Amino acid sequence: MLTFETVNELTLKVTCQGSDVLFTKAGSFIAGESANGKNYKFEKLLLGPQGNIAQAALGSLMRRVTKENLPLMKVMMSGDSVTYYADYSQHVVVYKLAAGETVSVESENILAFTQDCKYSVRFIGTGIISQKGLATSTLTGTGNQAYVAVLSNGNPIVLSNLQSRSTICVDPDAVICWMGQSGFCDPQVKMDLSWKNFIGQASGESYSFEWSGGQPVSVIVQPTERRGGIRVGMD
């Protein structure tokens, strides 16, 4: 059995009781301790975390096509241990998924997840002019220990309209992940383009992701925008 917790906001602590398997971003291990010698080992996943080879190959192809490719490693644990993971001093957020609950997350923001999470990639058809792209990674809880650890470039904020039913609007390049009460709860992309965009006088906020009050959702946002995407302008 595995449990996740954060240490000093920047490190993921994984406690293992017995034997289990963990999936993490390749190279993210920083330390570990176990009684009677090291009882965990690492293996790079060439295809993906799916148990079926055909599904893993298809998933790998899908991730490469959608640019949601994530270099993963498999941590195989054969006894009680505590291991630590981090990625360039980024903040770590831990979430435990309920059975059937899905989180949609940018692949670059995934640090680790347990084998009680089903990992896949799907098209969302938005984000054409942002760094975010046309697809997103999804993790769905399939058991009682469905832990997910995500990375944030800076201390993140969480926006939720589960109680208020308010409209949530965010910059696509600052979104880390979102979780809805029903289905994937994907946002609508809103664009605000005018002639000013073409003469270099745009506000820099010409597009956004929006969830209406009728879409109960929780969104985690980092205080840094991703670099890249199409910039429309003329200087």
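The following conversation between a trainee and a mentor works through a predicted model of a protein chain.

Trainee: What does the secondary structure of the protein chain come to?

Mentor: The chain has one helix and 19 strands, and its length is 235 residues, of which 48% are buried. The accessible surface is about 11800 Å², and carbon and sulfur atoms account for 52% of that surface.

Trainee: Why is Asn161 called buried or exposed?

Mentor: The word buried is kept for residues under 20% relative accessible area, and Asn161 has a relative accessible area of 0%, so Asn161 is buried. Asn161 lies in the loop between strand S14 (157–160) and strand S15 (168–170). Apart from neighbours within four places in sequence, Asn161 is in contact with residues including Ser166, Ile168, Trp211 and Pro216.

Trainee: Why is Ala35 called buried or exposed?

Mentor: Exposed means over 50% relative accessible area, and Ala35 has 58%, so Ala35 is exposed. Ala35 sits in the loop between S4 and strand S5 (40–44), and its C-alpha is 7.3 Å from that of Ser81, although 46 residues separate Ala35 and Ser81 in sequence.

Trainee: How do you know whether Ile220 is buried or exposed?

Mentor: Ile220 has 6% relative accessibility, and the limit for buried is under 20%, so Ile220 counts as buried. Ile220 belongs to strand S19 (residues 217–221). Leaving aside neighbours within four places in sequence, Ile220 is in contact with several residues, among them Val93, Pro156, Val158, Ile176 and Met179. The C-alpha atoms of Ile220 and Val170 are 9.8 Å apart, and the two residues are 50 residues apart along the chain.

Trainee: What makes Lys13 and Glu5 a salt bridge?

Mentor: A salt bridge needs a side-chain nitrogen of Lys or Arg within 4 Å of a carboxyl oxygen of Asp or Glu. The side chains of Lys13 and Glu5 meet at 4.0 Å, N to O, and therefore they satisfy that limit. Lys13 has a relative accessible area of 22%, and since this falls between the limits for buried and exposed, Lys13 is partly exposed. Glu5 has 37%, so Glu5 is partly exposed as well.

Trainee: How many salt bridges does the structure hold, and what makes Lys25 and Asp87 a salt bridge?

Mentor: The structure holds two salt bridges. The side chains of Lys25 and Asp87 meet at 3.9 Å, N to O, and this is within 4 Å, so the pair qualifies. The pair links distant parts of the chain, with Lys25 in strand S3 (residues 19–25) and Asp87 in the loop between S7 and strand S8 (91–97), 62 residues apart. Lys25 has 12% relative accessibility, so Lys25 counts as buried, and Asp87, at 13%, counts as buried too.

Trainee: How many disulfides are there, by the rule used here?

Mentor: A disulfide is a covalent bond between the sulfur atoms of two cysteines. The rule asks for a pair of cysteine sulfur atoms within 2.5 Å, and by this rule the count comes to zero disulfides. As for individual cysteines, Cys16 has 1% relative accessibility, so Cys16 counts as buried, whereas Cys169, with a relative accessible area of 48%, is partly exposed.

Trainee: What makes S1 and S4 edge strands?

Mentor: Strands S1, S2, S7 and S4 form an open sheet in the order S1-S2-S7-S4, with antiparallel pairing. Strand S1 (2–7) and strand S4 (29–33) each pair on one side only, and they are the edge strands. From one strand to the next, the twist averages 20°.

Trainee: How do you know that S4 and S7 pair?

Mentor: Pairing requires at least two bridges between two strands, and S4 and strand S7 (residues 81–85) have four bridges, so the two strands pair, in the antiparallel sense. Within S7, Thr83 is the bridge partner of Gly32.

Trainee: In what order do the strands of the open sheet of three strands come?

Mentor: The order is S15-S18-S17, and the pairing is antiparallel. The edge strands are S15 and strand S17 (188–191), each of which pairs on one side only, and the twist averages 35° from one strand to the next. S17 pairs with strand S18 (residues 207–211) over four bridges, in the antiparallel sense, and in S18 the bridge partner of Gln188 is Glu210.

Conventions
Residues numbered from 1 in each chain as written. Predicted model: local features only at pLDDT ≥ 70, side-chain atom pairs only at ≥ 80, totals over all residues. Heavy atoms only, no water. Axes fitted to C-alpha atoms, helices over the stretch in contact; angles between N-to-C directions. Buried < 20%, exposed > 50% of the residue type's maximum accessible area, 1.4 Å probe, protein only. Contact = heavy atoms within 4.5 Å. Areas by Shrake-Rupley, 256 points an atom, 1.4 Å probe, with all protein chains shown as cover.
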